[in-house]
Amino acid sequence: MINKKIAVLPGDGIGPEVIREAIKCLDAISLKYSIQFEYSYALIGAAAIQKTESPLPKETIHICKNSDAILFGAIGDPAFDNNPQAKVRPEQGLLAIRKELELFANIRPINTYETLAHASPLKNETIKNVNFIVFRELTGGIYFGSPRGRTEDLKTAFDTCTYSEYEIIRIAELAFQESLKRKSKVTLVDKANVLATSRLWREVVTRLKNEKYHQVELETMFVDNAAMKIITNPTQFDVILTENMFGDILTDEASVITGSLGMLPSASIGEKYALYEPIHGSYPEAAGKQIANPIATILSAAMMLETSFQMVQEAHLIQQAVVKSIENGFVTKDINPHKYYTTSEIGSYIASNI
Ligand code: IPM
Ligand code: MG
């Protein structure tokens, strides 16, 4: 019997609720295919700060490093957001784990479901057949650059955006390779008219294309223009390659195409480890209310099966069960505020269709 060890990090807010439903789906897969999933739960974020004073306890890193893959819920707590004096923040836990495990590529697929077209604020004809994938660099740029901080008089603050060639090459390779399985088109999103780091990205990515990926069409686009095109003409994209912060912003924006942030999964990949997480945050206002959409996390679990365990058929089954729940109107409040089901009802329904 195949045995896979999964580190489960529910985190904060709606994290535990949505993770519970993803586990239901994995259990359904386990029963059907006689695969054994061994779950090790670990603390991260505000939940970890409360118990250990650290947003990423050593124990959690240990568990993650000893697992075949990591499934993550959400992070963030308003108690910290509203307190500029807070010494530690929950988000540091997520940033630290990305850095510690060198999860340099965050992969976020954006597609549409015909039955959800009504949930998107965009016009039906604009979002029809949208299918692109964002490769967001995840361990560099302004998120991690130093120096950062405040001057002594506290009147000035600064962050630093840095990128080195190797950081660009390793994610660009992944994006080019993915594009070969798709329409062979990569759009590099940057701000090369202003930023030195962006000019390095252009130089390195263009060189890589010329050396190894002639057959791929490489397009470059300024981030402000890309922000507009993502909602006015999203079908023009196939693979978007971009740096950390631009990717953060553009993928939240892209979620409106699908109709809800609650639908989008992601994979954060490195050489050795991989972590799967919904792109939404901890949505603290909804925590414990059973209104959160568990689909992004369930689809993240499917991405884990496919990407880390090569269980393509199993992943496909989960995706089909998700489509079925949407088509049959089994959705949460974010999708249909007039007729909706609880987080747990949706999870059970999807699991029962696996
Ligand atoms: C994301 C989130 C994180 C990020 C936060 C929680 C630190 O917004 O995964 O997109 O900015 O990367
Ligand atoms: Mg984000």
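The expected span of a helix is 1.5 Å times one less than its number of residues, and helices (H or I, at least four residues) and strands (E, at least two) are DSSP runs numbered from the N terminus. The model is predicted: local features need pLDDT of at least 70 and side-chain atom pairs count only at pLDDT 80 or more, whereas totals for chains, interfaces and linings use all residues. Residues are numbered from 1 along each chain as its sequence is written, chains are lettered from A and ligands numbered from 1 in the order in which they are written, and side-chain values use heavy atoms, with hydrogens and water left out.

**Exercise 1.** Compare the span of helix H7 (residues 165-180) with its expected value, and identify its cover.

*Solution.*
Step 1. Helix H7 has 16 residues, which should span 22 Å at 1.5 Å a residue. Its end C-alpha atoms are 22 Å apart, so the two values agree.
Step 2. The buried residues (under 20% relative accessible area, 1.4 Å probe, protein chains only) of H7 include Ile168, Ile171, Ala172, Ala175 and Phe176.
Step 3. Among the elements covering the buried residues of H7 by contact (heavy atoms within 4.5 Å) are strand S4 (105-111), strand S5 (131-137) and helix H8 (196-212).

**Exercise 2.** Carry out the corresponding analysis for helix H1 (residues 15-33).

*Solution.*
Step 1. H1 has 19 residues and reaches 27 Å from its first C-alpha to its last, close to the expected 27 Å.
Step 2. Val18, Ile19, Ala22, Ile23 and Leu26 are among the buried residues of H1.
Step 3. The cover over the buried residues of H1 includes strand S1 (2-11), strand S2 (35-41) and helix H11 (295-309).
Step 4. Just after H1, Ser34 adopts a positive phi of about 40°.

**Exercise 3.** Describe the surroundings of ligand 1 and its polar partners.

*Solution.*
Step 1. With a residue counted as near if one of its heavy atoms lies within 4 Å, ligand 1 is surrounded by Ile75, Glu91, Arg98, Arg108, Arg136, Tyr143 and Asp248.
Step 2. An oxygen atom of ligand 1 lies 2.7 Å from a side-chain N or O atom of Arg98. For Arg136, a polar side-chain atom is 2.8 Å from a ligand 1 oxygen, and for Tyr143 the distance from a side-chain N or O atom to a ligand 1 oxygen is 2.6 Å.
Step 3. Taken alone, ligand 1 exposes 320 Å², of which the protein buries 79% (Shrake-Rupley method, 1.4 Å probe).

**Exercise 4.** Determine whether Glu277 is buried or exposed, and find its side-chain partner.

*Solution.*
Step 1. Glu277 lies in strand S12 (residues 274-278).
Step 2. Glu277 is buried, with a relative accessible area of 3%.
Step 3. The side chain of Glu277 makes a polar contact with the side chain of Arg98 at 3.3 Å; such a contact is a pair of N or O atoms within 3.5 Å, one able to donate a hydrogen and the other to accept it within protein, and residues adjacent in sequence count only if both atoms are side-chain atoms.

Methods: Buried means under 20% relative accessible area, exposed over 50%, partly exposed in between (1.4 Å probe, protein chains only).
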